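Take a walk through this chain, starting inside and working outward. Keep the sequence and the coordinates side by side.

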Amino acid sequence: GANILDATQQRLLPSVDLIVSNPPYIPLRDKDTMERNVLDYEPHTALFVPDDDALLFYKAFADFTAHRLHAHGSIYLEVHEGLAAEVAAVFKAKGFPSIEIRKDMQGKERMIRIA
């Protein structure tokens, strides 16, 4: 797999119709409030982002898909419950016309669909 944060590797990826991702999005400061079963079994690189750049992966996806998502393509991303509006703003700034925030079964804004 390629590292979406690496612009050189991004250039090697094909254009796409669909992206589905659950990227790392938990600010490191939240580590102490996490359940042990998550911390003990998930790699920390799959969970955490720097406190000062929680949108790191979403910005990379927005940059990549602004030029490499086929017409009528879609992006589905899981998001931190407190950052859905900020993630939507990242994609809106890239010119995506359709952004929909969806709630999970607990009523938290945890998913976003971009087209």
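Which residues does I112 touch, not counting residues up to four places away in sequence? The list is I75, Y76, L77, V79, A84, V87, A88, I99, E100 and I101. Bear in mind that this is a predicted model.

I112 also belongs to the largest nonpolar core, a set of 30 residues. Y58, I75, L77, V87, F91, I112 and I114 touch the most other members of this core. Several elements each supply at least two residues: β1 (16-21), β3 (48-49), α3 (56-68), β4, α4 (84-93) and β6 (109-114). The largest share comes from α3, with 6 residues. Such a core fits a general pattern. In soluble globular proteins, nonpolar side chains tend to be buried together.

Stay with F91 for a moment. F91 has a relative accessible area of 0%, so it is buried. How many aromatic pairs are there? The count is 1. The partners are F91 and F96, with ring centres 5.6 Å apart. Their planes meet at 65°, and edge-to-face is the term for planes over 60 degrees apart, so this pair is edge-to-face. F96 counts as buried too, because its relative accessibility is 11%, under the 20% cut-off.

Now follow strand β4, residues 69-78. S74 lies in this strand. Is S74 buried or exposed? At 10% relative accessibility, S74 is buried. Beyond its neighbours within four places in sequence, S74 contacts D17, L18, I19, L69, R113, I114 and A115. I114 is one of the core residues named above as touching the most other members.

Y76 is found in β4 as well. Its relative accessibility is 30%, so Y76 counts as partly exposed. Y76 joins L18 and V20 in a nonpolar patch on the surface. Together the three have about 290 Å² of accessible area. Y76 is also on the list of residues touched by I112, while L18 is on the contact list of S74.

After β4 comes a loop that leads to α4, and H80 sits in it. H80 is buried, because its relative accessible area is 18% and the cut-off for buried is under 20%. Leaving aside neighbours within four places in sequence, H80 contacts Y25, I26, P27, D30, Y58, E109 and R110. Y58 is a core residue.

R110 leads on to the charged side chains. Side chains of opposite charge can pair when their charged atoms come close. How many salt bridges does the model hold? The count comes to 7. One of them joins R110 to D104, with the closest N and O atoms 3.9 Å apart. Both R110 and D104 are buried. The pair is also part of a network of salt bridges that links E78, D104 and R110.

K108 and E81 form another salt bridge, at 3.6 Å from N to O. This pair links distant parts of the chain, 27 residues apart. K108 is in the loop between β5 (99-103) and β6, and E81 is in the loop between β4 and α4. H80 lies in the loop between β4 and α4 too. Are the two partners buried or partly exposed? K108 has a relative accessible area of 36%, so it is partly exposed. E81 is at 39% and also counts as partly exposed.

A further salt bridge runs from R29 to D51, with the closest N and O atoms 3.8 Å apart. Where do the two ends lie? R29 is in the loop between β2 (26-27) and α2 (36-41), and D51 is in the loop between β3 and α3. They are 22 residues apart, and the pair links distant parts of the chain. R29 is exposed, because its relative accessible area is 55% and exposed means over 50%. D51, at 39% relative accessibility, counts as partly exposed.

Finish at T45, in the loop between α2 and β3. T45 is exposed, at 67% relative accessibility. How many residues separate T45 and P14 in sequence? They are 31 residues apart in sequence. In space, their C-alpha atoms are 25 Å apart.

Note on methods
Residues numbered from 1 in each chain as written. Predicted model: local features only at pLDDT ≥ 70, side-chain atom pairs only at ≥ 80, totals over all residues. Heavy atoms only, no water. Phe/Tyr/Trp six-rings, centres within 6.5 Å; stacked < 30°, edge-to-face > 60°. Buried < 20%, exposed > 50% of the residue type's maximum accessible area, 1.4 Å probe, protein only. Patch = residues over 30% accessible without salt bridge, like charges linked within 9 Å, V, L, I, M, F, W, Y side chains within 5 Å. Areas by Shrake-Rupley, 256 points an atom, 1.4 Å probe, with all protein chains shown as cover. Salt bridge = Lys/Arg side-chain N within 4 Å of Asp/Glu carboxyl O. Helix = DSSP H or I, 4+ residues; strand = E, 2+ residues; numbered from the N terminus. Core = buried A, V, L, I, M, F, W, Y, C linked by side-chain atoms within 4.5 Å. Contact = heavy atoms within 4.5 Å.
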